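Colleague: I should like to understand how the descriptive terms for this protein are justified. Could we take them one at a time, setting each value against its criterion?

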Amino acid sequence: MNRSARRLAAVLFIILIILIPMLLSAAWGRQFADDAYPLLQAARALAEGKGVTLASGESAASPSMLFTWMAGAAARLFPGTATGPDAAGAAAVLSVLGWSAAALAFLAVGKSIQRLPGAAAGALLLCFNPIVISSAGSPASWIVALSWWAVALFLNRRYILLLVAIAALVLMTLPLPPGLPVQQAGMLSAFAWSLLLFLVGIGAEMAARRLAANMKPEIDPQRAFRLALLAIFLLAGVFQLLRLNDLFQARPQDRWALEEYVAAWLRENTESTAVIGASEKIGYLADRPSFALESLAADDTTGLLQNRLRAGPVDYLVAGNALPWRLLTDWRWFQLNYRPLAELDDAYVADAPYTIWGYQPPPAELGFAYALNARVPNRLRILGYQVDQADLERTGEALLTLYLEAEAHTITPVRSFLVKTRLLSTLDGGTLAEWDNVLPQSVGPEEWGPGVRVREQITIDVPPDLEPGAYPLNISLADSESAEFWPISLDNDIERLDRLNVGYLVVPMAVDAAAIQEREATFGDQVKLLGYMASEPRPGEALELTLFWQVSEPLGDEAPALNVFTHILDRNGQLVANHDGVPGNGRYPTPSWMPGMTIVDTHTLTLPADLAAGSYEVWVGLYDPESGERLAVVGRDGEAFPEGALPLMEIVIADGTADSADYADGTADYADGTADGADGTTDYADYADDADGTTDSVDDADGVDRGDYSMWRRALSR
């Protein structure tokens with residue numbers, strides 16, 4: 001073969017190793033591995049002159065610095081798409097050219113080691129290897145190419161160019177800041193495949209030469225070598241073609257089409273700055289910042305999805321039908337914070353349908369006092385409620401606010417409905433008053449459609465003779481025309497309710513703040529004791545102990561209804577008297593407590609008639625009557641009381657025989673009523689008006705009747 005023919009063959013070979021990967025990539029389409037999409041998103045942002053916003057996730061890796069810059073620059077040369085510069089097309093072409101460059105490097109290395117035919121066979125095998133498809137859009141091809149060119153330059157002693165190649169290789173492996181290291185596994189796999197194919201080509205050449213050497217003398221050795229090399233190459237090539245065929249047959253085209261449909265919905269229905277919880281591919285196609293949750297859903301055995309969403313909810317979430325997604329969407333926190341917006345299905349996609357969920361601000365951000373997860377199936381959702389009684393004393397009215405949402409997937413939208421509100425007795429549950437309202441009133445019937453959220457207020461006219469206490473409120477929902485009540489589902493329970501509790505109307509009791517003996521302490525995280533008042537008891541009679549409580553935030557219906565315990569103990573810790581029960585003698589259950597209210601809670605403790613003289617301590621606390629568990633107690637000075645009981649006050653019972661405090665001489669005051677000779681006054685026991693401890697100004701010099709059973713109390717200093 002003359003020189004011109006060789007040059008033509010070389011040119012044709014170069015054209016061939018460029019065309020083969022290009023045609024292979026075109027036949028496959030613009031579908032890339034998941035870890036390529038963060039790079040594509042960064043390249044598109046660079047092409048648009050924007051800051052780079054990387055997709056994030058548990059397994060996310062930063063794109064290659066040099067390759068991203070190359071793709072961003074090349075994207076400006078391609079026609080734009082609906083989402084901006086065509087970074088995907090640019091990255092695909094660059095990765096194809098990388099494999100062609102790697103194939104040329106094979107030739108350079110083969111020529112240096114005098115194995116050019118084998119290197120050419122390896123180069124051809126490389127150009128239509130499945131790695132060309134699996135690494136599309138990634139810098140893997142250029143990592144391989146630069147590595148082989150570094151080898152070729154070293155063998156040819158081109159050290160300056162070698163340094164350039166090494167520098168380019170380093171830049172290709174450096175991450176695009178800010179971010180995690182570039183994903184290395186795919187690049188190492190690509191280089192390992194290239195090395196294997198190079199060795200296969202060299203091995204094929206050596207085997208062909210050995211076969212040619214063993215041929216009969218009359219057969220041309222060069223021709224025999226070429227035929228043997230071609231046969232070995234065809235064997236290897238057929239093997240690769242079979243793998244490529246399997247790869248093409250297994251293409252998840254239906255899944256790709258569904259992902260593109262989801263991305264199109266997100267582009268049309270979400271804000272450009274919204275963060276999407278979806279695969280990197282959907283995030284790129286939708287042109288939205290994304291958080292990759294696919295890796296978490298793939299093996300969610302420790303609640304990683306739940307922990308991630310609680311740490312910082314994404315604006316929109318694309319959830320498939322796999323088990324981790326179903327567990328996530330059945331989670332109550334998720335249902336309170338996300339609502340379904342669209343469901344996109346394809347019968348040929350295993351994990352379809354894909355449901356797009358939208359983040360809704362948590363109840364605290366919407367001003368709910370309480371959040372609910374209640375539904376009237378196929379009609380509406382009750383998101384939360386709030387009872388406002390700020391003007392109760394002035395107007396005699398309170399406002400019940402309901403936060404409602406029309407079901408997103410309802411077939412026949414509900415235009416209006418009846419809400420029956422009831423005010424119940426705390427003690428026996430009987431109905432004290434009820435009101436009927438047709439809702440919604442904040443929007444017109446035609447505006448109340450699927451997915452629409454409204455805030456509806458119901459006026460509660462409080463009966464004027466209502467005694468102090470906390471009165472439960474509940475609602476029922478019914479068809480506005482037929483008045484047929486609708487079943488209500490709470491927390492996705494299969495049991496259906498005909499009415500739903502929506503808090504309490506609290507009529508407070510008047511409080512004389514000046515009369516409160518201060519004894520501040522905190523129970524749990526939210527309940528505060530302000531102080532107490534106590535009567536003057538006598539043995540055999542009752543001690544009226546009144547406690548004053550407040551809360552820093554609503555305890556809520558989900559928290560257990562707590563009981564208060566009050567215990568009187570002697571110095572040996574023995575129980576002398578006690579009273580446990582719902583605060584306010586059942587009128588103020590703890591779920592009804594609201595910030596700003598002072599709860600008046602009176603307990604009656606009857607002292608034994610034979611109670612011995614001495615000092616006794618009064619202890620108080622809160623506990624869950626179901627479990628018996630007490631709330632932790634911390635005093636105002638930060639001292640913790642490990643038993644969950646607060647020492648409130650000390651009482652002292654005198655022995656009833658000495659009356660030295662009343663008289664100047666301190667002599668005994670006898671029960672028989674004889675005179676106490678020092679001052680000549682008459683013993684108060686002789687007079688009927690002294691029995692109840694009233695003043696006896698006639699007989700006692702100081703005008704005060706001390707009584708036979710004196711009691712004094714003091715707040716404990718501890």
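**Terms and the values behind them**

Modeller: Let us begin with a pair of charged residues: R381 and E405 are both buried. The model is predicted.

Colleague: What makes R381 and E405 a salt bridge?

Modeller: The side chains of R381 and E405 come to 3.1 Å, N to O. The limit for a salt bridge is 4 Å between a side-chain nitrogen of Lys or Arg and a carboxyl oxygen of Asp or Glu, so the pair qualifies. R381 belongs to strand β8 (residues 380-388) and E405 to strand β9 (residues 397-406), so the salt bridge ties together parts 24 residues apart in sequence. By this rule the count comes to 14 salt bridges.

Colleague: Why is D436 called partly exposed?

Modeller: The relative accessible area of D436 is 47%. Buried requires under 20% and exposed over 50%, so D436 falls in between. D436 forms a salt bridge with K420, with 2.9 Å between the closest N and O atoms. This pair links distant parts of the chain, D436 being in strand β11 (residues 431-439) and K420 in strand β10 (residues 417-424), 16 residues apart.

Colleague: Why does K420 count as buried?

Modeller: K420 has 14% relative accessibility, and the criterion for buried is under 20%, so the term applies.

Colleague: Are E650 and R571 buried or exposed, and how do you know?

Modeller: E650 stands at 4% relative accessibility, which is under 20%, so E650 is buried. R571 stands at 54%, which is over 50%, so R571 is exposed. The two form a salt bridge whose closest N and O atoms are 2.6 Å apart. E650 is in strand β26 (residues 646-653), while R571 is in the loop between β20 (563-569) and β21 (575-581), 79 residues away in sequence.

Colleague: Why does Y338 count as buried?

Modeller: Y338 has 0% relative accessibility, and under 20% is what the term requires, so Y338 is buried. Y338 is found in strand β5 (residues 338-344). The side chain of Y338 reaches the backbone oxygen of V314 at 2.7 Å. Y338 and P313, 25 residues apart in sequence, are 9.3 Å apart in space, C-alpha to C-alpha.

Colleague: What lies in the largest nonpolar core?

Modeller: The largest nonpolar core has 65 residues, and F32, L40 and W99 have the most contacts inside it. Helix α4 (residues 87-112) supplies the largest share of this core, 15 residues. Apart from this core lies another, of 39 residues, including L529 and V633. In soluble globular proteins, nonpolar side chains tend to be buried together.

Colleague: Which residues does F32 touch, leaving aside neighbours within four places in sequence?

Modeller: F32 is in contact with Y37, L40, A88, A92, A136 and G137.

Colleague: How do you know that L19 may belong to a surface patch, and why is L19 called partly exposed?

Modeller: L19 has a relative accessible area of 43%, between the 20% and 50% limits, so the label is partly exposed. A patch residue needs over 30%, so L19 meets that part of the rule. L19 lies in helix α1 (residues 3-28). The nonpolar patch is formed by L8, V11, L12, I15, L19 and L23, with about 570 Å² of accessible area together.

Colleague: What share of the protein as a whole counts as buried?

Modeller: Of the 718 residues, 47% count as buried.

How values were computed:
Residues are numbered from 1 along each chain as its sequence is written. This is a predicted model: local features need pLDDT of at least 70, side-chain atom pairs count only at pLDDT 80 or more; totals for chains, interfaces and linings use all residues. Side-chain values use heavy atoms; hydrogens and water are left out. Buried means under 20% relative accessible area, exposed over 50%, partly exposed in between (1.4 Å probe, protein chains only). Patches are made of residues with over 30% relative accessible area and no salt bridge: like charges are joined within 9 Å, nonpolar side chains (Val, Leu, Ile, Met, Phe, Trp, Tyr) within 5 Å. Accessible areas come from the Shrake-Rupley method with a 1.4 Å probe; for residues, only the protein chains shown count as cover. Helices (H or I, at least four residues) and strands (E, at least two) are DSSP runs, numbered from the N terminus. A nonpolar core is a set of buried Ala, Val, Leu, Ile, Met, Phe, Trp, Tyr and Cys residues joined through side-chain atoms within 4.5 Å. Contact means heavy atoms within 4.5 Å. A polar contact is a pair of N or O atoms within 3.5 Å; within protein, one must be able to donate a hydrogen and the other to accept it, and residues adjacent in sequence count only if both atoms are side-chain atoms.
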